[in-house]
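Hi,

Here is the structure I promised to pass on. Have a look at it first, and my notes follow below.

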Amino acid sequence: MFQTNSLRFRVAFFYAIFGAGLSILLAAGAYLTVEHIGHQLMDEALLEELNKHASESIFIEPNTVSIKGYVISDTKRSPNIPYEVEALTPGKYNMTVGNIDYRVLVVDKYGARYIMMFDTQLQHFHEAVYFRYVETFALFMIFSSAAGGYWLASRVTSSVTRLARQVGQAEPGDTDLSLSWIKETSNDEVGELARAFDRYLRRLREFIERENFFTADVSHELRTPLAIMLGAVEVLEQDASLSPKQKERITRIHRATQDMIDLTSALLLMAREHLGAADEQPCDVSDVALACVEKHRHLVGERPIRLDVETIAKATLIVERPLLEIVIGNLIRNALFHTKSGSVLLKVEAEKLTVTDTGVGMRPEELERAMERYYKGASSAGAGVGLSLVKRICDRYGWRITLDSKEGVGTSAVIDYSAS
């Protein structure tokens, strides 16, 4: 089956275009040549017939199947001269007399004007037959050029296709792609491409190995101090001598420490290649949304903001819960940061999650770049990482996130997980 974006198809297509162009040039050249030769032969025949009859003492008008002749002079005038040719001046003409096409030669000689006419119908018939052969040859050239181009492209691209297939089926942990069949037998551009792939993959494996060591070390080094912090906080929470204000602050430290542990685990999950839902459990979106709202409710403070979750329909996703918490938590924090009063509402539906706020909104140029890594709007106080991380997680699970915002009205973020 032809693929219109394949190299073979494009080569075959351009070969066909080349064949068609060449055939058109040949046909045009043949047409002009045949027409010129035909006119030249007819002119010579007319001139020879004129000289033959004009040299006689009495001009006898030729009247054959192909040639007719007339004379106009002071002493003689041929009868039945067609009015179309009677007023012609000396020269050569192609014209229609009655319903018949003629090649007309007008010559002044021996004090008289001679008009010779050659019936071109038979000539045109032979030309039409000849051009049918030319058209057949042109079609043959086009199809043979396309077939030849496709065959040639198949031969040329077979090694590239095989190389692409093997590279496409490779996994990051593969130590050998079996490219030796190209590297050892091909000294052309394909062999050079295979050797370049081999060098690149070797560097990529070394990079992945370094990254694996790095993430493992970070995981160990971060979890240990965080676990110590969490234990210390839990001990402080049991101190009965703390005032309510102090207990509230300790609770916030506890929550922040636990968030850091969850975030570390989530980021390690993001660094790991996603292999599907084999190691992931069903996760209730409403449950996660409610938990995130309660975790972030302290950010409301004394502001007149309503923070709530509305469940329209139950939604269950196969996802790592910490990653879903990062997504929802970032959207809630962004909404609360940009809202002075009004509401931040999370709406959970069967196919999507919507976070809507009545905040300051975004300008069109800010909205266009909101999910770019490290991009910060005019009113942003963050590092420009939150929304880009949200988008990475959505891309990981095949969700589609869209933002809609109007300056001074508010912002709405929609996560469509129907296709996941």
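I'll start with strand β1, which is mostly covered: 5 of its 6 residues are buried. Keep in mind throughout that this is a predicted model.

β1 runs from 67 to 72 and is an edge strand. The sheet that holds β1 is open, has 4 strands in the order β1-β4-β3-β2, and pairs in the antiparallel sense. At the other edge sits β2 (91–97), and each of these two edge strands pairs on one side only. On average, neighbouring strands here are turned by 25° against each other, direction ignored.

If you want to walk through the pairings, β1 meets β4 (residues 112–119) over 6 antiparallel bridges, and G69 stands opposite M116 of β4. Over on the β2 side, 7 bridges join β2 to β3 (residues 100–109), again antiparallel. There, G91 has V106 in β3 as its bridge partner.

Now the other sheet I looked at. It is open too, with 5 strands in the order β6-β8-β9-β11-β10, but its pairing is mixed. β6 and β10 are the edge strands, each pairing on one side only. The average turn between neighbouring strands of this sheet is 10°, direction ignored. Helix α7 packs on the sheet, where α7 touches β6 and β8, and the direction of α7 makes about 170° with that of β6.

In the middle of that strand order, β8 and β9 form a hairpin with 3 residues between them. Those two strands pair antiparallel over 5 bridges. Two of the partners are easy to find: L345 bridges to T356 in β9, and V348 bridges to L353 in β9. β9 also runs antiparallel to β11, with 6 bridges between them; K352 stands opposite D416 in β11.

Which residues have the most contacts inside the largest nonpolar core? They are I328, L346, W399, I415 and Y417, in a core of 42 residues. The elements giving two or more residues to this core are the helices α7 (285–296), α8 (321–337) and α10 (386–397), together with the strands β6 (305–311), β8 (342–348), β9 (352–357), β10 (400–406) and β11 (410–416). The largest share comes from α8, with 9 residues.

Y417 is worth a click. Leaving out residues up to four places away in sequence, Y417 touches V285, A315, L317, V348, E349, A350, E351, K352, L353 and W399. So in that list you'll find both V348 and L353, which are the bridge partners mentioned above.

W399 comes up again in the aromatic pairs, of which the count is 1. The rings of Y397 and W399 have their centres 5.2 Å apart and their planes at 20°, so the pair is stacked, the cut-off for that being under 30 degrees. Are these two residues buried or exposed? Y397 has 9% relative accessibility and so counts as buried, and W399 is buried as well, with a relative accessible area of 5%.

Two other spots caught my eye. One is N80, in the loop between β1 and α2 (83–86). Its phi is near 60°, a positive value in a residue other than glycine. That stands out because most residues other than glycine have a negative phi. N80 is exposed, with a relative accessible area of 69%.

The other is S159, which lies in helix α3 (residues 121–168). S159 is partly exposed, at 26% relative accessibility. S159 and G191 are 32 residues apart in sequence, and their C-alpha atoms are 8.9 Å apart in space.

Finally, some overall numbers. The protein has 10 helices and 11 strands, and of its 420 residues 33% count as buried. Among contacts between residues at least 6 apart in sequence, 60% join residues at least 24 apart. The protein exposes about 25800 Å², and carbon and sulfur atoms supply 58% of that.

Cheers

Technical notes:
Residues are numbered from 1 along each chain as its sequence is written. This is a predicted model: local features need pLDDT of at least 70, side-chain atom pairs count only at pLDDT 80 or more; totals for chains, interfaces and linings use all residues. Side-chain values use heavy atoms; hydrogens and water are left out. Two strands pair if DSSP finds at least two bridges between them. Axes are lines fitted to C-alpha atoms, for helices over the stretch in contact, and angles run from 0 to 180 degrees between N-to-C directions. Rings of Phe, Tyr and Trp (its six-membered ring) pair if their centres lie within 6.5 Å; planes under 30 degrees apart count as stacked, over 60 as edge-to-face and the rest as tilted. Buried means under 20% relative accessible area, exposed over 50%, partly exposed in between (1.4 Å probe, protein chains only). A nonpolar core is a set of buried Ala, Val, Leu, Ile, Met, Phe, Trp, Tyr and Cys residues joined through side-chain atoms within 4.5 Å. Contact means heavy atoms within 4.5 Å. Accessible areas come from the Shrake-Rupley method with a 1.4 Å probe; for residues, only the protein chains shown count as cover.
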